[in-house]
Each structure stands twice: as C-alpha cells, then as structure tokens.
Amino acid sequence: MAEKRILMAHINEPNQCEIDTYERNGGYQAIKKAIPAISPADLTEMVKQSGLRGRGGAGFVTGMKWGFIPKNIAERYLVCNADESEPGTFKDRLLIEKDPHQLIEGVTLAAYAIGANYAFIYCRGEFYEGIARLKHAVQQAKQRGYLGKLEIIVHPGAGAYIAGEETAQLNSLEGYRATPRLKPPFPAVAGLYGKPTIINNVETLCNVVHIVNHGVEWYQKIGIPKNTGTKIFQVSGQVQRPGCYEFALGTPLREVLETAGWMLPGRSFKACYPGGSSCALLTARDLDISMDFETLAARKSALGTASIIVMDDSADMVKVATRLMEFYQNESCGKCTPCREGTRWIVQVLSRIEAGRGTYEDLRMIQQVCNQMAANSFCPLAVGAAPPVVSAILEFKGEFEAYIRKNPHPDREPEMKISYPYVAV
Amino acid sequence: MLTEETKQAILKLQKMYPQKRSALIPALHLAQSEKGYLPKEIQKDVANLFDIDPNEVNSIVTFYDMFFEEPTGKHVIHVCKNVSCMLRGADGLLSRLCSRLKVAPGETTADKEFTIIASECLAACDKAPMMLVDEKVVGPVNENDLDKILEDAKKEAPHYG
C-alpha cells in the first residue's frame with residue numbers, strides 16, 4: 001500500500017492557506033453541496049454511516065457523538081480540539097498551518113450538523129503561526145459568506161497538556177484552570193457553559209469535508225471494516241525521515257516505518273510507541289501489526305493519535321521511561337492525589353535506578369504505583385502515564401536490571417526520602 | 001499598570017465570547033505582551049476588567065506554562081526535552097546552549113537577552129531536536145548552529161513591548 005493522501009493532498013502547495021488557492025483545489029465545495037441541501041440530521045447520519053472515528057485518540061464514532069445532542073436545547077456549541085500536546089504528535093500543526101481552510105470547512109459542516117451558532121477552535125498557545133493562519137482563514141471564509149451566521153472563534157490555550165482532555169478543555173475555555181470534570185454528564189449533554197457541546201479533533205473535522213465531497217460509500221472503501229478512512233501517521237525519533245505520512249487505517253506498522261526511511265544507517269529497530277506516549281510500546285515482534293484501533297487495543301496498546309515514536313538499538317529504555325514519567329509528572333493537573341503523587345514518586349524511583357541506586361524491589365513497586373494511580377484517578381492522564389513505563393519494564397527488564405546491578409546492595413530495602421528534584425544520596 | 005490600549009483590546013475580546021470570563025486566557029496573553037511577564041499589579045488590573053478576585057487570575061497565571069510571574073529575557077527559547085527530541089540529541093543541545101549562555105534551564109542570562117526553558121513536547125517532532133525561539137520553530141537544530149541562531153534572535157524584536 002502506498003501513501004493515500006486525502007487530508008494532506010495539498011499540504012505542500014504554496015498558498016494553500018489562502019482562500020483562492022483552496023477554492024481552486026476544490027475547497028468549500030462541501031459547504032456548497034451540504035448547506036442547506038442536506039439536512040443536519042442527514043449530515044449526522046452520513047458521518048455516522050461513513051464510520052469516521054475520532055482522530056484525537058479515543059476513536060469514538062463521530063456521527064454517533066453528534067447524535068447525542070439533546071433535541072430540546074437550542075443553545076449548543078462546537079469545540080475543535082487543536083491543543084495538540086501528546087508527545088510525538090504533530091499532525092494538527094501540519095493541518096492548521098498548511099491547510100487551515102480545510103479545517104474551517106470541516107468546522108462549519110459540523111456546526112451545521114449539530115446546530116451550533118458558535119464554534120471555538122481551542123488552539124495550542126504555542127502554535128503562533130497556526131493561530132495567525134486560522135484567524136486569517138476565518139476572516140476570509142467569513143468575507144466570502146461561507147460561514148453564514150456561524151461565529152468561529154480561534155481561542156489560544158496557554159500551555160497545559162491536560163487542556164487536551166475534553167472536559168478540562170471546557171473549563172479552560174470558560175476561563176478556569178484546565179482540570180477535568182466528572183463524566184457523566186458528557187459534554188454532548190452538558191458541556192460549555194453547561195450547554196450541549198461537541199468536541200472534535202482537528203483531523204476528525206477535516207475528514208468530514210471529504211465525506212461530504214466524495215460520499216459515504218467512497219469513504220467506507222478506504223481502510224478496513226470499523227476502521228474506515230485514512231490516518232495521518234506521525235513518525236518521530238530514530239528514523240531517517242521523521243514526518244507525517246497519510247495511510248489508510250489498517251496499514252502495517254512496517255510499511256509506515258519504511259516510508260519514513262526506516263532506521264538510521266547501521267541501526268536496527270528496537271521498539272516504538274504507536275499512538276503517542278500514552279500507550280504500551282511495541283517491539284520487533286509487532287512490526288507487521290495492522291495499525292488500527294481494534295488490533296492495537298487487542299495487543300494492549302493503542303492507536304491513540306497514531307504518533308509513532310521510534311527507538312533503535314542505541315536507545316536507553318531507562319532514560320526513555322524516566323523522561324516520559326517526568327512529562328506526566330509535569331503535566332498532572334494536581335486534582336487527584338494518586339496521579340499528582342504517583343507520577344512524582346515513580347520519577348523519583350526511576351531517577352534512583354538511573355543513578356545506580358535502584359533495587360529489584362523498585363521494579364515491582366513502580367508497577368504497583370502505576371496500577372494504583374491509573375485505577376484511582378479522575379481522567380485519562382494517569383491511565384496514559386502507566387503503560388509506557390510498565391511496558392518498557394516488562395519488555396526490556398534486562399536494561400533496568402543492568403542499572404540496578406550498579407547498586408552494591410540491590411536487594412536491600414530502599415530508603416526513600418521525598419525530594420524534588422531527585423537527589424542521589 | 002495596563003495601558004489604555006491593552007484595556008480596550010481586552011474589553012473587545014470579552015465581547016467576542018458568549019460569557020466574558022472565557023476571554024481571560026487570551027486577555028492574559030495580551031497583558032503579558034506588554035512587559036513579557038505578569039507582575040501582581042497587572043494581574044490585578046486584569047482581575048478588575050473581569051470583575052473577579054485577583055487570586056482567581058493568579059490561579060490561572062500559575063497553572064499555565066506560558067504565563068510568567070517574573071521578568072524574562074528579551075527572547076524566550078524553549079528547548080524541547082521530550083522523548084522524540086531526546087532521542088535526537090536534545091539533552092546535548094540544551095546543555096551546550098546553557099553552558100554557552102552561562103545559565104541553567106529556567107534562568108535568564110545576565111544581559112537579560114535570553115530566557116532558556118526546557119520544555120515538554122512542542123508538537124514539531126519531525127524537526128527534532130527542535131526549539132521554539134520566541135514565536136518561531138527552529139529545527140532540526142545542529143549544535144554548531146547555535147551561535148547563529150542566537151545572533152539571529154537578537155536581531156528580532158523582543159517578545160514583548
């Protein structure tokens with residue numbers, strides 16, 4: 001299978017971010033075709049029938065989500081989640097910076113389908129260029145009358161991974177700290193300002209444009225059953241050509257990595273995180289795995305954001321695990337004690353192992369704390385923090401033990417003092 | 001003190017949203033662009049414009065990484081240290097940059113020119129190891145190019161004012 005560029009079809013064209021070029025390349029045809037000729041209910045049904053699943057990581061059927069909006073409440077909102085912060089993920093930046101009108105068109109279609117008069121694009125604050133491009137694109141689309149009575153507000157975040165979690169994003173959008181809310185009620189019932197709200201990822205909304213343009217049957221034929229359409233795979237880490245590659249869902253991992261140029265000269269594949277950092281890693285045994293939601297879930301990993309972080313034989317898995325847990329520690333919002341303290345505790349233990357003072361007991365303890373933290377926290381942050389580290393320990397135990405053997409007393413019960421940052425004593 | 005211009009811009013922002021408090025984070029970005037950080041009196045001015053307690057504003061300022069409570073250098077350099085960049089040499093890059101500028105991560109140079117921040121993933125892993133120099137993504141960074149990157153940054157306007 002070769003790359004199949006649908007969302008990325010015009011990504012390399014200069015001036016694609018200008019409305020004239022976008023229109024010349026077939027842009028805004030979906031709005032002309034659907035609004036008002038296709039009713040909101042029919043559009044929702046079309047998206048449902050297409051099988052499109054959320055591209056932000058969870059993989060929920062988009063049309064079904066739209067259908068959860070209660071019919072009796074008129075005030076509704078659409079939020080486009082563009083707070084791309086998962087380690088290894090850089091597809092939304094590409095879509096926003098290189099083809100912003102595609103997203104504006106998708107947002108407009110989705111807002112029409114759910115009956116929203118306001119749509120917010122919650123864009124990562126550090127995306128300076130993206131925010132400027134989006135604002136420019138909204139202005140142009142408005143001038144040409146594509147938005148109708150819809151108001152699209154490009155809203156900058158301010159640096160918080162947790163604001164990518166949908167309920168935390170709503171709190172942030174309301175002007176508060178980005179801490180998650182209890183579900184249910186789900187945002188589709190009570191979201192922004194307590195009103196029905198649909199939150200969709202950038203890539204998800206871009207897909208809607210092409211479903212409208214080419215039809216449901218066309219879309220269903222791309223990919224594999226239950227995993228229709230293409231996915232932008234982002235390959236980073238130790239490969240020859242890191243970047244975004246668009247393939248049909250269900251493409252083998254090996255093929256994606258080959259397209260990214262495979263490993264650096266003289267190196268061999270060791271492991272990768274297939275869906276951003278918040279999932280269990282895959283090893284050389286998994287190179288022929290089908291990159292789709294179900295197969296990766298069955299392998300106890302996840303497709304997530306399809307952000308493939310590749311490690312070759314030179315990578316130090318203890319350092320990788322420590323660095324990732326430091327990330328979750330830094331980004332834990334602090335609401336739940338198990339996550340706030342658990343992530344910090346594991347960083348301390350991993351740092352101790354790396355400093356040559358770890359014990360064999362530490363490896364068991366890390367897994368125990370990970371389980372506790374994942375089971376007793378409020379939102380998916382802690383759930384995502386556990387597998388990258390636990391899977392690294394399970395698959396590459398020898399590397400952790402090699403560090404532990406540097407300790408002259410690796411069997412002695414560890415003495416821990418809480419300190420931040422970790423100080424080897 | 002917030003300038004009258006910024007105040008008016010914030011009031012305009014508030015009108016864009018169905019509820020004005022939603023404009024708080026964009027408003028703080030605007031307020032920060034005056035001096036490059038958010039001293040207590042500016043936080044208080046913002047709080048007044050939103051009819052909320054200054055502590056509420058402070059809870060936002062302290063939560064989000066992009067807001068500073070202390071003065072920064074004229075240019076802020078975020079060096080990504082997350083895994084994709086680490087695997088491509090981010091640690092060496094960060095330590096070379098810090099020793100070149102004689103600062104530790106999180107600090108500002110003595111000449112107030114640069115603030116260096118070791119950052120989490122900035123969503124440009126295809127450019128690893130990468131940095132965000134003020135508003136510009138730079139990468140993949142070769143350690144030998146650091147001098148030029150710093151010289152180029154100095155020629156640009158500060159990230160505030």
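At what angle do the axes of H3(B) and H4(B) cross? In this predicted model, the two axes come within 8 Å of each other and cross at roughly 115°, and the crossing is right-handed. On the side of H3(B), the contact is made by Gln43(B), Lys44(B), Val46(B) and Ala47(B), whereas H4(B) contributes Pro54(B), Glu56(B), Val57(B), Asn58(B) and Val61(B). Sorted by class, the residues that join H3(B) to H4(B) comprise five nonpolar, two polar and two charged ones. Helix H4 of chain B spans residues 54-63, and within this helix Val57(B), Ile60(B), Val61(B) and Phe63(B) are buried. The buried residues of H4(B) pack against two helices of chain B, namely H2 (24-35) and H3 (40-50).

Chain B also touches chain A, in a contact that takes 32 residues from chain B and 43 residues from chain A. On the chain B side, the elements that give two or more residues are H2, H4 and helix H5 (83-86), and the largest share, four residues, comes from H2(B). The side of chain B that touches chain A is made up, by class, of 21 nonpolar, six polar and five charged residues. Helices H2 and H4 of chain B are therefore named twice in this description, since the buried residues of H4(B) pack against H2(B) and both helices are among the elements that give two or more residues to the side facing chain A.

Chain A contains 17 helices and eleven strands. For its 425 residues, a compact globule would be expected to have a radius of gyration near 22 Å, and the value of 22 Å computed for chain A agrees with this. Taken along the principal axes, the C-alpha atoms of the chain fill a box of roughly 75 × 45 × 35 Å. Of the 425 residues, 58% count as buried, and among the contacts in chain A with a separation of 6 or more, 72% are accounted for by residues 24 or more positions apart.

Five strands of chain A form an open sheet with mixed pairing, in the order E8-E7-E11-E9-E10. Strands E8 and E10 (282-283) stand at the edges, each with a single partner strand, so that one side of each is left without a neighbour in the sheet. Although E8(A) is an edge strand, this element (residues 243-248) is mostly covered, with five of its six residues buried. Strand E7 (residues 230-237) pairs with E8(A) in the antiparallel sense over six bridges, and the two strands form a hairpin with five residues between them. Within this pairing, Val235(A) stands opposite Gly243(A) of E8(A).

Elsewhere in the sheet, strand E9 (residues 269-273) and strand E11 (residues 307-312) of chain A pair in the antiparallel sense over four bridges, and Phe269(A) stands opposite Asp312(A) of E11(A). Ala271(A) lies in strand E9 and counts as buried because 22 C-beta neighbours are found inside 10 Å, the cut-off for burial being 20 or more. When its neighbours within four places in sequence are left aside, Ala271(A) is in contact with Leu281(A), Leu282(A), Thr283(A), Met311(A) and Glu395(A). The C-alpha atoms of Ala271(A) and Ala284(A) are separated by 6.4 Å, although the two residues are 13 residues apart along the chain.

How values were computed. Residues numbered from 1 in each chain as written. Chains lettered and ligands numbered in written order. Predicted model: local features only at pLDDT ≥ 70, side-chain atom pairs only at ≥ 80, totals over all residues. Buried ≥ 20, exposed ≤ 12 C-beta atoms within 10 Å, placed from the backbone. Pairing = 2+ DSSP bridges. Rg over C-alpha atoms; globule rule 2.2 N^0.38 Å. Contact = placed C-beta atoms within 7 Å. Axes fitted to C-alpha atoms, helices over the stretch in contact; angles between N-to-C directions. Left-handed = near helix turned anticlockwise from the far one by under 90°. Nonpolar A, V, L, I, M, F, W, Y, C, P; charged D, E, K, R; others polar.
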